[in-house]
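This report describes a ligand environment, two backbone conformations and the state of several cysteines. The sequence and the structure are shown first.

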Amino acid sequence: MKIVCIGGGPAGLYFALLMKKLGAHHDITVVERNRPYDTFGWGVVFSDATMDNMRAWDAETADAIEQSFAHWDDIELHFKGRTIRSGGHGFVGIGRKKLLNILQARCEALDVRLVFETEAESDADYPDADLIIACDGINSRIRSKYAGIFRPDIVTRPNRFIWLGTNKLYDAFTFLFEKTEHGWFQAHIYKFDDSTSTFIVECPEHVWKAHGLDQADQEQSIAFCEKLFAGNLQGEKLMTNARHLRGSAWLNFQRVKCEQWSHFNGRNHVVLMGDAVHTAHFAIGSGTKLALEDAIELTRQFRQAGDTVEHIPAVLARYQEARAIDVIRLQNAAWNAMEWFEVCGERYCDQLEPEQFMYSMLTRSQRISHENLRLRDRGWLEGFERWFDARSGLSAPIAVPPMFTPYTMRSVTLKNRVVVSPMAQYSCVDGVPGEFHLVHLGARALGGAGMVVAEMTCTSADARITPGCPGLWDEAQRDAWKRIVDFVHRETDAKIALQIGHAGPKGSTNAPWQGRGENRPLEAGNWPLLAASALPYLEDSALPRAMTRTDMDRVRDDFVRSARLAATTGFDWLELHCAHGYLLSSFISPLTNRRNDDYGGLLANRLRYPLEVFRAVRAAWPQDKPMSVRISAHDWVEGGITPVDAVQIARAFKAAGADMIDCSSGQVSAEQKPTYGRMYQTPFADRIRNEAGIATIAVGAISEADHVNSIIAAGRADLCAIARPHLANPAWTLTEAAKIGFTAIDWPRQYLSGKAQMEANFQRERAAQALKP
Ligand SMILES: Cc1cc2nc3c(=O)[nH]c(=O)nc-3n(C[C@H](O)[C@H](O)[C@H](O)COP(=O)(O)OP(=O)(O)OC[C@H]3O[C@@H](n4cnc5c(N)ncnc54)[C@H](O)[C@@H]3O)c2cc1C
Ligand SMILES: Cc1cc2nc3c(=O)[nH]c(=O)nc-3n(C[C@H](O)[C@H](O)[C@H](O)COP(=O)(O)O)c2cc1C
């Protein structure tokens, strides 16, 4: 085959040499606009795993790289005058020049034609090539030429960064954080040979501008960075090798992905590779890894299918298919890591103490969990756990995982950070919780969670979602709830909370198993509905009436009555339901609130009534007991509530006296398009906690102890609410403790003989798992 690689970066050179190894008869040319060894940039990083992969494909290249690379295990943080170091992270750093040098020499040895100082204007320059590899980097000309076919999605990110070098040597992947009068800067530093380290400086656009760096040339920028990090550099200089960039050398990262990776232009097959088809932010240091792995995959496909011209179309299709999932996974992790560095100045630097800041930084990609950190560096993690324990008021002889630390709000102390999330059971008669609720809530309170939140309990008969929903507006209901609360307090050490709410436009509907299912109107026995505006939830929902001021007074007073009754039952905690499109939520979201009085329009107006209800309830609820508010932090609909609004909503409730925000999302509009995934709502809890400065509950697809530990330890939330896993297993918390080998947890005395057996079974499973290759 006649192959031309446009671009002599890692992707082009490595693919050229691998294909030449696969078949010496292939005629392969690499066209590069730069001179040999003339490149922008300093060192690149990849992981031990990439090295293993490379060794399997070309031992000579891997050997040469191994002789020149710097390997290190540790990550070191310098923050607020402290230095914190953790190990076991396994990186390889190598100078980009050195890497290209090795790949170029190997190409020459294998007889690949290297053509330097030649600008490839277009794929049309190579009409007789069977295959053209467009590995021409992030600004790929070939990708732009066929943009209609490759359909690139390019996002320019807000932070500014400058890629510098220094002769100061660092023996760990080092992160420096410095605060200036205009905001925070961070430096990402890693050694890549015996005399040089890469030194990338990054900050948000507004901080960069406030310092006048948009007007600064390279010398001035370097002088600025040297002064900023003088305490660490201790007289060492920073250097640039990006002299070819005109003016300022500060860049914005561009995330590139493409829908289609290859194209037949009528004469040749053209395929994208490396940065030309996808980029990954340097916060995860994997752009070169991706480029090298693309080269490996395309070669693998030729090896499997046959490296002759007729196989090209099938090979190119399979190449994209095989790479796409890995690439997306890595890009997602890189995105999370990148976002962390974009927001850290605003969200974490001033808020978190160094220990927790380090934890948050290490888990920024959300690919590394609590137990991964334990595997990497048990000593560091246990030290962190002890620090966290002490902060939570524990002085246990062993390190207690964050999930099992106590939490105090007002006069209430929860024994751990797990909450049974409120879940409607549709099993009451006349709003009275009966035997089902005693067993349901009682079992979950025995199951190890710190607190059980009873389902949305309605403030009047016409506030119910379904006829089976519980209420708290009369004494029969009060007595029934008291029986449950007393059971929980007498027989368990869990706390019990009540969630009060009004169904609003989503009322008078079926239980999920009745008629046409949930959210659909009852076939008979309907009641009139109230809402912020006269808008139905579904097309065939009953039309609610827009509330008048008289309605508002009545409903507010109903909430207050429920709160007073709840106080007499002994509930420990009260939650106000302002989420999911129910009455109070219908005021908050612009999708459901179309009022043009004082209660509609801007967010401050839309919050007026929910805040009025909150204040009235707070005044009626005992001062020593906590109150949380559940909100939908994202409507998942264009024009609806966004996480930015959610921070404002949280601030407003905090100012009104709320102790905590329970961060749910959605169910406000039938048009919603949520992005589900593991812990998918936790970013809202994180943002609200650290931007609005109020404690939060994370909820949604949190399904194992490792999730809870990571969330609590990183300061993304204070409590985790777990719903569906508690339907399957009332003793979810006890089970998860046994699963991770945490045995210092109390079981109900009646169940104690089950404890050791469960722990031993999980212990055996863990041992078997550890033996697996
Ligand atoms: C600040 C920063 C830090 C980074 N750190 C890391 C890291 O730690 N680890 C890591 O793995 N990656 C890192 N990267 C990313 C990494 O540099 C790229 O992902 C990687 O080089 C991609 O390889 P490539 O071969 O696809 O593209 P490139 O390395 O960009 O190579 C493309 C080549 O094509 C040439 N070219 C372009 N157009 C033409 C044309 N028309 N004619 C002829 N030649 C042309 C260019 O001169 C260039 O040599 C970092 C990037 C930045 C910006
Ligand atoms: C059967 C069921 C009933 C629910 N009822 C309520 C409720 O009454 N009040 C509420 O705020 N959320 C309710 N939810 C939402 C849960 O509290 C929780 O936010 C959601 O299920 C996501 O958590 P999970 O992924 O752990 O299930 C309910 C969820 C389920 C599955």
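In which loop does tyrosine 426 lie? Tyrosine 426 is placed in the loop between β20 (418-420) and α15 (435-446). The model is predicted.

**Backbone conformation**

Tyrosine 426 is not a glycine, yet its phi is positive, at about 50°. With a relative accessibility of 17%, tyrosine 426 counts as buried. Arginine 151 likewise is not a glycine and has a positive phi, of about 45°. Arginine 151 belongs to the loop between α6 (147-150) and β10 (152-166). Its relative accessibility is 40%, so arginine 151 counts as partly exposed. As background, a negative phi is found in most residues other than glycine.

**Surroundings of ligand 2**

Around ligand 2 there are 17 residues, of which Ser421, Pro422, Ala424, Ala701 and Arg724 come nearest. By class, the shell around ligand 2 consists of nine nonpolar, five polar and three charged residues. Two elements, β21 (451-458) and α24 (724-728), each contribute at least two residues to this shell.

Polar atoms of the protein approach ligand 2 as listed in the table.

| Protein residue and atom | Ligand 2 atom | Distance |
|---|---|---|
| Proline 422, polar backbone atom | oxygen | 2.8 Å |
| Glutamine 499, polar side-chain atom | nitrogen | 2.8 Å |
| Alanine 701, polar backbone atom | oxygen | 2.7 Å |

On its own, ligand 2 has 610 Å² of accessible area, and the protein covers 82% of that area. Pro422 and Ala701, which appear in the table, are also among the residues that come nearest to ligand 2.

**Cysteines**

How many disulfides does the structure hold? The number is zero. In general terms, a disulfide is a covalent bond that joins the sulfur atoms of two cysteines. The cut-off applied here is a sulfur-sulfur separation within 2.5 Å.

Why does cysteine 344 form no such bond? The closest cysteine sulfur, in cysteine 349, is 4.2 Å from the sulfur of cysteine 344, which is too far for a bond. Cysteine 344 has a relative accessible area of 0% and is therefore buried.

Cysteine 428 is also unpaired, because its sulfur is 7.5 Å from the closest cysteine sulfur, that of cysteine 469, and this is too far for a bond. Cysteine 428 counts as buried as well, at 7% relative accessibility.

Notes:
Residues are numbered from 1 along each chain as its sequence is written. Chains are lettered from A and ligands numbered from 1 in the order in which they are written. This is a predicted model: local features need pLDDT of at least 70, side-chain atom pairs count only at pLDDT 80 or more; totals for chains, interfaces and linings use all residues. Side-chain values use heavy atoms; hydrogens and water are left out. Buried means under 20% relative accessible area, exposed over 50%, partly exposed in between (1.4 Å probe, protein chains only). Helices (H or I, at least four residues) and strands (E, at least two) are DSSP runs, numbered from the N terminus. A residue is near a molecule or strand if one of its heavy atoms lies within 4 Å of it. A polar contact is a pair of N or O atoms within 3.5 Å; within protein, one must be able to donate a hydrogen and the other to accept it, and residues adjacent in sequence count only if both atoms are side-chain atoms. Accessible areas come from the Shrake-Rupley method with a 1.4 Å probe; for residues, only the protein chains shown count as cover. Ala, Val, Leu, Ile, Met, Phe, Trp, Tyr, Cys and Pro count as nonpolar, Asp, Glu, Lys and Arg as charged, and the others, Gly among them, as polar.
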